[in-house]
Amino acid sequence: MTAKNNLTIIQLDDWHVHVRDAGVLAGVVNFTARQFGRAIIMPNLAPPITSAAAARDYRARILAAVDAKYDFTPLMTCYLTDNIDQGEIETGFMGGVFTACKLYPAGATTNSDHGVTDIGKITNVLETMQRIGMPLLVHGEVTDGDIDIFDREAVFIDRIMSKITRDFPGLKIVFEHITTKQAVDFVKESSANIAATITPHHLVYNRSAIFEGGIRPHLYCLPIAKREVHRLALRAAATSGSAKFFLGTDSAPHSIDAKQSACGCAGVFNAPFALESYACVFDQENALDKLEGFASLHGPDFYGLEPNKRKIVLERADIDVPKTLDIMGTKIIPFHGGEKLNWRFAGLV
Ligand code: DOR
Ligand code: ZN
């Protein structure tokens, strides 16, 4: 069988991305806008996006920063706090400002200090969301100090996720950036309203890579990469064709200084070559025929949206990923920086 050298698929969407704000926004968001039709924008700014007015303003700043040659739609999310107003969420969703709510357990990751300290505090909010059909996007890690960092996702499933799905059986939930076989199995065994996003980086490296030859801060993200058995489970899920798994890059830029520090930030900046990275993985798994479902169809289907109208073209060709990018004067190391990838984004048709 001859290998495929060109691929034309429906334009993809990114169902989980951090584009930040102010200084770097214009530099960051255009990497997403040049390839993706829509993106779910994470609300973990400082301060976080907790009202429809703040989301509307943030959306306007994003659209102002997107180059006029791109046709890109940011889909906004509301950051859940212990005291979030369920009326605000309902009005924001019904008014077309919010697409979903994001649950960060307090202290789980970047700018999550205002996150939820106890799931019992947002019972009314989850009831409202279930009633109006608004998706809950979950950062699935417990934050208890006695739980090993590599076990935080699996323990979250046992303690929190299984409780949410049991108590709110009709709630649409996206288990974000899953990193474990346990999460893959949980999502597969759950009802159709439970889905998951998978990042390119969790498909590419395992936890050993973070320490290969020394500590590699640019591979540090949360949830942290796990053992090889988990990476293989993620690759199998992403390329399985199951509509429960779809693309969410979790691209999360931090400056070199913030990453290469005595206390470095979590996040992998993968937006510049996310599509190419996924294409390489699907190619390695002999599953290029499953890429369109994962990248362009399963996500819209879950969110009740139409797939994008345009198509993107990929071709088999070597590309050199720059070691460093200058984003509005801030130096950031992209995922795959300094490596070669063998699929190239050739444009939209
Ligand atoms: O690695 C991560 N970085 N994980 C998150 O959940 C947040 C993100 C960020 O905002 O930097
Ligand atoms: Zn994220």
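Reader: Let's start with the metal. Which residues are the protein donors of the zinc ion (ligand 2)?
Author: Keep in mind that this is a predicted model. The donor atoms lie 2.1 Å from the zinc ion (ligand 2), and they are NE2 in two residues and OD in another. Along the chain, the donors follow the spacing H-x1-H-x231-D. Put names to them and you get His16, His18 and Asp250.

Reader: How many residues apart are His18 and Asp250?
Author: They come from distant parts of the chain. His18 belongs to the loop between strand E2 (14-17) and helix H1 (22-33), whereas Asp250 belongs to the loop between strand E9 (245-247) and helix H9 (256-259). Both His18 and Asp250 are buried. Counted along the chain, the pair is separated by 232 residues.

Reader: On to the open sheet of three strands. Which are its edge strands?
Author: The strands run in the order E1-E10-E15, with antiparallel pairing. From one strand to the next, the twist averages 25°. An edge strand here pairs on one side only, and that picks out strand E1 (6-10) and strand E15 (344-348).

Reader: What is the bridge partner of Glu315 in E15?
Author: Strand E10 covers residues 311-315 and runs antiparallel to E15, with four bridges joining them. Glu315 has its bridge partner in E15, and that partner is Arg344.

Reader: Which helix lies across E1 and E10?
Author: Look for the helix spanning residues 291-303. Its direction is at about 25° to E1. That's helix H11.

Reader: How many disulfides does the structure hold?
Author: Take Cys221, which counts as buried because its relative accessibility is 2%. Its sulfur has the one in Cys265 as the closest cysteine sulfur, but that's 13 Å away, so it is too far for a bond. Cys263 is exposed at 66% relative accessible area, and its sulfur is also too far for a bond, with the closest cysteine sulfur, in Cys265, at 7.6 Å. For the structure as a whole, the number of disulfides is zero.

Reader: Is Val321 buried or exposed?
Author: Val321 sits in the loop between strand E11 (319-320) and strand E12 (325-327). Leaving aside neighbours within four places in sequence, Val321 is in contact with several residues, including Phe273, Pro334, Phe335 and Leu341. Its relative accessible area is 4%, so Val321 is buried.

Reader: How far apart in space are Val321 and Gly347?
Author: In sequence they are 26 residues apart. Going C-alpha to C-alpha, the distance in space is 17 Å.

Reader: Which residues touch the most other members of the largest nonpolar core?
Author: This core has 93 residues, and its largest share, seven residues, comes from helix H10 (residues 274-284). A second, separate core has 13 residues, among them Ile40, Met42, Leu75 and Tyr104. Leu80 is in contact with Ile89, Leu103, Val116 and Leu136, among others, once neighbours within four places in sequence are left aside. In the largest core, the members touching the most others are Ile62, Leu80 and Leu136.

Reader: Back to H10: how many of its 11 residues are buried?
Author: Its buried residues include Ala274, Leu275, Tyr278, Val281 and Phe282. Glu276, Ser277 and Asp283 are buried in H10 too. H10 is largely enclosed by the rest of the structure because the number of its residues that are buried is 10.

Reader: And which residue with a positive phi follows H10?
Author: Its phi is near 55°. The residue is Asn286.

Key. Residues numbered from 1 in each chain as written. Chains lettered and ligands numbered in written order. Predicted model: local features only at pLDDT ≥ 70, side-chain atom pairs only at ≥ 80, totals over all residues. Heavy atoms only, no water. Donors = N, O, S within 2.8 Å, 3.2 Å for Na, K, Ca; no water. Helix = DSSP H or I, 4+ residues; strand = E, 2+ residues; numbered from the N terminus. Buried < 20%, exposed > 50% of the residue type's maximum accessible area, 1.4 Å probe, protein only. Pairing = 2+ DSSP bridges. Axes fitted to C-alpha atoms, helices over the stretch in contact; angles between N-to-C directions. Contact = heavy atoms within 4.5 Å. Disulfide = S-S within 2.5 Å. Core = buried A, V, L, I, M, F, W, Y, C linked by side-chain atoms within 4.5 Å.
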